[in-house]
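Work through the exercises below with the sequence and the 3D structure at hand. Try each task before reading its solution.

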Amino acid sequence: MSVFSRRQHLAVAVEDVGGTQAQHDAVAELIRAFTVSADKLRAIQTHFISEMEKGLKHHGQTVAMIPSFVEGRLTGQEKGTFLALDLGGTNLRVVQVELLGAGEFTTKSTKYKVSEELKTTDAKNLFRISGTLVCYGWRINLLNRLIPIVLVRSIDFIADSIDSFLAEHGLDAAEEAIPLGFTFSFPVYQSKINRGTLKSWTKGFSCPGLVGKDPVVMLQDALAKKHVPVFVTALVNDTVGTLLSHAYRNPDTMAGIILGTGTNGAYIENMKNIEKWDGGSTSSNEMIINMEFGAFDNERRALPLTMFDNKLDRESINPHEQIFEKMIAGMYLGEIVRNTLLHLIDRELLFSGNSSKELNEMWSLETTYMSAIEADADPQLESTKNILEQTLSIPSTTLTDRRIVKKVCELVGTRAARLASAAIGGIIAHRDALEAGCACGIDGSLYEFYPNFETRMYAALKELFGEGVEKKIRLGLAKDGSGVGGVAAKMFKSLPVPV
């Protein structure tokens with residue numbers, strides 16, 4: 001059973017909102033603005049495929065289509081123990097991955113929260129800053145049961161965290177350098193399997209000093225200065241890691257998708273289609289492509305942007321960039337809802353025209369609140385009332401207010417799921433993989449926890465490909481995809497270890 005089939009929640013129909021005619025009209029207007037019709041969905045998919053093809057032919061395209069240097073496919077029979085470092089949108093993790101064969105693996109990891117200050121600090125601080133951070137460690141066994149451990153440590157943010165992890169697990173006395181796969185969840189132009197330059201920051205990061213530079217070199221330098229016995233053997237995007245993780249258990253996996261704080265995708269491409277490839281001969285006729293599709297349609301030719309999306313984009317730290325990501329990813333959905341609610345408040349169609357200091361603050365309405373509101377099945381929407389009145393300090397709300405808020409969350413959440421499906425559909429159509437069937441591994445809290453997200457994705461895929469699509473395109477949760485991405489190192493000949 002899908003992890004989502006247990007999370008079905010009834011949508012609020014416009015006629016069930018109650019309230020005045022003006023409120024009904026406003027909700028109907030929002031439905032028109034946020035609904036992605038089947039025809040529009042197909043048009044977006046067509047444009048998405050066109051942008052994919054441009055990126056495969058030429059460097060510097062909006063959808064970058066970056067060759068990952070990860071060749072061939074996993075069989076699920078690989079064995080070994082690897083170290084992985086995962087720097088993503090919210091957390092830093094150090095992970096030890098043990099591949100057991102037969103598609104089974106275990107992980108041990110320690111997780112560190114990346115502060116907002118670190119996201120915008122100088123890059124040297126990101127790699128070497130000292131500070132007291134709350135860390136969360138866990139072990140995932142073969143049944144995927146999480147055993148949490150909460151601890152507080154003073155660390156040098158990345159290099160010292162690796163050093164501490166090695167000491168904790170008795171790996172610090174290694175006579176030879178330990179290979180590490182670095183999962184770096186940002187756009188990088190790769191020149192080797194363990195080399196690349198940062199194209200741009202996403203997901204709220206804006207650290208100066210690293211764009212145009214190699215994150216592996218900076219990390220290796222920090223490790224060397226602290227005499228940490230680790231050598232970075234692979235630089236892997238989190239989408240590539242997600243694909244590899246899912247493929248270890250499902251060898252017919254075609255794509256890996258991130259639907260969390262940010263969004264992106266990777267898939268397996270035939271080398272003959274990568275016309276811009278200039279990396280020399282390869283050992284396989286296939287290579288994983290890191291698409292960087294969060295930037296899809298920055299030109300605004302196909303996506304159904306609303307005034308609320310435009311407001312978010314103008315006020316973001318990267319205006320006119322990552323437009324697709326801003327309509328899908330968990331970092332942004334709550335802000336789209338907040339902009340929409342403020343618009344209704346200004347028209348005195350919500351909360352009797354009253355807002356609050358909290359609601360007026362940018363980013364205050366988190367996507368986790370949306371998830372809780374969509375899951376609220378109480379007839380009086382008590383959970384929604386608590387979020388609005390206690391968390392966001394709205395003076396008072398009526399049932400009609402709460403129904404409107406829930407409807408707005410449904411509209412924004414549904415649009416995100418349908419747009420994500422247009423991207424997956426584009427990949428499947430481009431690779432002509434529908435008839436043979438394939439798996440698609442997805443990692444991220446939006447996909448894992450947001451109510452009805454997978455159901456809405458399948459509904460959109462059905463509109464694109466017809467009945468029975470769930471048997472041909474098998475979406476599935478890729479647990480710990482970014483951590484298990486360290487297995488990429490297993491797929492290559494040994495790299496020289498520095499003296």
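The exercises that follow concern one helix and several salt bridges.

This is a predicted model, in which local features need pLDDT of at least 70, side-chain atom pairs count only at pLDDT 80 or more, and totals for chains, interfaces and linings use all residues. Residues are numbered from 1 along each chain as its sequence is written, and side-chain values use heavy atoms, with hydrogens and water left out.

**Exercise 1.** Compare the expected span of helix 10 with the distance between its end C-alpha atoms.

Solution.
- Helices (H or I, at least four residues) are DSSP runs numbered from the N terminus, as are strands (E, at least two).
- The expected span is 1.5 Å times one less than the number of residues.
- Helix 10 has 17 residues (330-346), so 24 Å is expected; the end C-alpha atoms are 25 Å apart, which agrees.

**Exercise 2.** Find where Lys226 and Asp160 lie, and state whether Asp160 is buried or exposed.

Solution.
- Their side chains meet in a salt bridge at 2.7 Å, N to O; the term requires a side-chain nitrogen of Lys or Arg within 4 Å of a carboxyl oxygen of Asp or Glu.
- Lys226 is in the loop between helix 6 and strand 10, Asp160 is in helix 5, and the two are 66 residues apart.
- Buried means under 20% relative accessible area, exposed over 50%, partly exposed in between (1.4 Å probe, protein chains only).
- Asp160 has 16% relative accessibility and therefore counts as buried; Lys226, at 32%, counts as partly exposed.
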